[in-house]
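Trainee: Please give me a close look at how the aromatic rings pair up in this one. Then carry on from there to the charged pairs, the helix faces and the empty spaces.

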Amino acid sequence: MNYGNDFILTLFTNDPDLAQAGDAAGINRIGLDLERIGKENRQDSSKAWISNHQLQELPAIRDKLTHAALFTRANPIHAGSRDEINYLIDQGVRVLMLPMFRTVKEAATFIELVQGRALVSLLVETAAAAMRLQEITKLPGIDEIHFGLNDLYLDMKLSNHFEVLTSGLLDMLADIVLSKEIPFGFAGIGRVNDSRLPIPGDLIYAQYPRLGATRALVARVFYTPDFRALNLTHEITVARAALDQWYQAGSDKQAAALLSLREKVTEWTV
């Protein structure tokens, strides 16, 4: 297994040029973040990015993809979910993500509405969904799970999303998912040696193989301020190489990276 090459990366964008560059760079999934319902009420827009993506932008993104699967984060379950999901699938979306669910019933409803026509990705980002994960993972039809650390830390009233990663909570949740043989990912990755990051990116990379995760989002910081100034193909190749290096490093070095990460997070939080 080449862990880095097999790792699944997902990019949210409504920029057709970035979509084309990401597709050429080997990003596996590219598409829109259409989640709107309730988002502004729970997230501070000065601290967290809130998507401005529009449904009508989907064809422009789809038409730029030759390798990557078209991906969309839908709205939470609501009265219009059936129509929304049907439309997205009709437009060629191959992977659909359900955000902000709290109950087994909401997850089951989403799976039922998708009807096997696209891959189902459940975004666990509420304390209630985390607490109910044992029951949720018994549902048939889950293709993957993603842990959203930003909303989890907000819902749990923690200081920042790194606390979720270093507290042992994500270890417990990962064990539940892996016991059901459901692939999972968490959070997003920045560039390996980006000096702008508050926590060294390499220490974050180490946590993916340590936990058994096989996918992640490509964080906005990865390609900002201007993706045109980057060699995106090179940066994605470097990211995959770093993931593979940490996979090959073994459990002792991965555990040491966790200790270093905890120290950095404690310093940053204080």
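Mentor: Let's settle one term before we start: a residue counts as buried when its relative accessible area is under 20%, as exposed when it is over 50%, and as partly exposed in between. Keep in mind too that this is a predicted model.

Now for the rings. A pair of aromatic rings is described by the distance of the centres and the angle of the planes. The count here comes to 7 aromatic pairs. Take tyrosine 3 with tyrosine 247: this pair is stacked, with 4.7 Å from centre to centre and 5 degrees between the planes. The partners come from distant parts of the chain, since tyrosine 3 sits in helix α1 (residues 3-6) and tyrosine 247 in helix α14 (residues 232-249), 244 residues apart. Tyrosine 3 has a relative accessible area of 3%, so it falls under the 20% cut-off and is buried. Tyrosine 247 comes out at 33%, so it is partly exposed.

Next, put phenylalanine 162 and tryptophan 268 on your screen. They form an edge-to-face pair, 5.4 Å centre to centre with 75 degrees between the planes. Phenylalanine 162 belongs to helix α10 (residues 161-166) and tryptophan 268 to helix α15 (residues 251-269), so this pair ties together parts 106 residues apart in sequence. As for exposure, phenylalanine 162 is buried at 10% relative accessible area, while tryptophan 268 is partly exposed at 42%.

Back to tyrosine 3 and tyrosine 247 for a moment. Ring pairs link them with Phe7, Phe186 and Tyr208 into a cluster. Color those residues and you'll have the cluster in one view.

On to charge. Side chains of opposite charge can pair when their charged atoms come close. The structure holds 13 salt bridges. One of them joins aspartate 171 and arginine 210, at 2.7 Å from N to O. Aspartate 171 lies in helix α11 (residues 169-179) and arginine 210 in helix α12 (residues 201-211), so here a charged pair ties together parts of the chain that are 39 residues apart. Aspartate 171 has 21% relative accessibility, so it counts as partly exposed.

Others span little sequence, as you can tell from the numbering. In one, aspartate 194 meets arginine 196 at 2.6 Å, N to O. Aspartate 194 is buried at 10%, whereas arginine 196 is partly exposed at 42%. In another, glutamate 135 bridges to lysine 138, with the closest N and O atoms 3.0 Å apart. Glutamate 135 is partly exposed at 43%, and lysine 138 is exposed at 52%. There's also a network of salt bridges, which links Asp15, Asp17, Asp226 and Arg228.

If you want to see burial laid out along one helix, try α6 (residues 104-114). Its buried residues include Ala107, Phe110, Ile111, Leu113 and Val114. Looking down the axis of α6, the buried residues fall within an arc of 165 degrees, so they line one face of the helix. The face turned away from that buried side carries Lys105 and Glu112, which are exposed.

Last, the empty spaces. Rolling a probe the size of a water molecule over the atoms shows where empty space is left. The structure has 1 cavity of 30 Å³ or more, and the largest cavity holds about 60 Å³ of space. Its lining is made up of Thr10, Arg29, Phe71, Met97, Ser121, Glu144, His146, Arg215, Ala216 and Leu217. Strands β6 (144-147) and β8 (215-218) each supply at least two of these residues, and the largest share, 3 residues, comes from β8. By type, this lining divides into 4 nonpolar, 3 polar and 3 charged residues.

The second largest pocket is worth opening up as well. About 160 Å³ of space lies in it. Its lining has 12 residues, with Thr13, Asn14, Leu18, Arg220 and Tyr223 nearest the centre. Sorted by type, the lining of this pocket has 5 nonpolar, 5 polar and 2 charged residues.

Notes. Residues numbered from 1 in each chain as written. Predicted model: local features only at pLDDT ≥ 70, side-chain atom pairs only at ≥ 80, totals over all residues. Heavy atoms only, no water. Salt bridge = Lys/Arg side-chain N within 4 Å of Asp/Glu carboxyl O. Buried < 20%, exposed > 50% of the residue type's maximum accessible area, 1.4 Å probe, protein only. Helix = DSSP H or I, 4+ residues; strand = E, 2+ residues; numbered from the N terminus. Phe/Tyr/Trp six-rings, centres within 6.5 Å; stacked < 30°, edge-to-face > 60°. 1 Å grid on protein atoms, 1.4 Å probe; cavity = no way out; pocket = protein on both sides within 12 Å on 5 of 7 lines; lining within 4 Å. Points joined across faces, edges and corners; volume = space filled by probe spheres on them. Nonpolar A, V, L, I, M, F, W, Y, C, P; charged D, E, K, R; others polar. Arc of directions from axis to C-beta.
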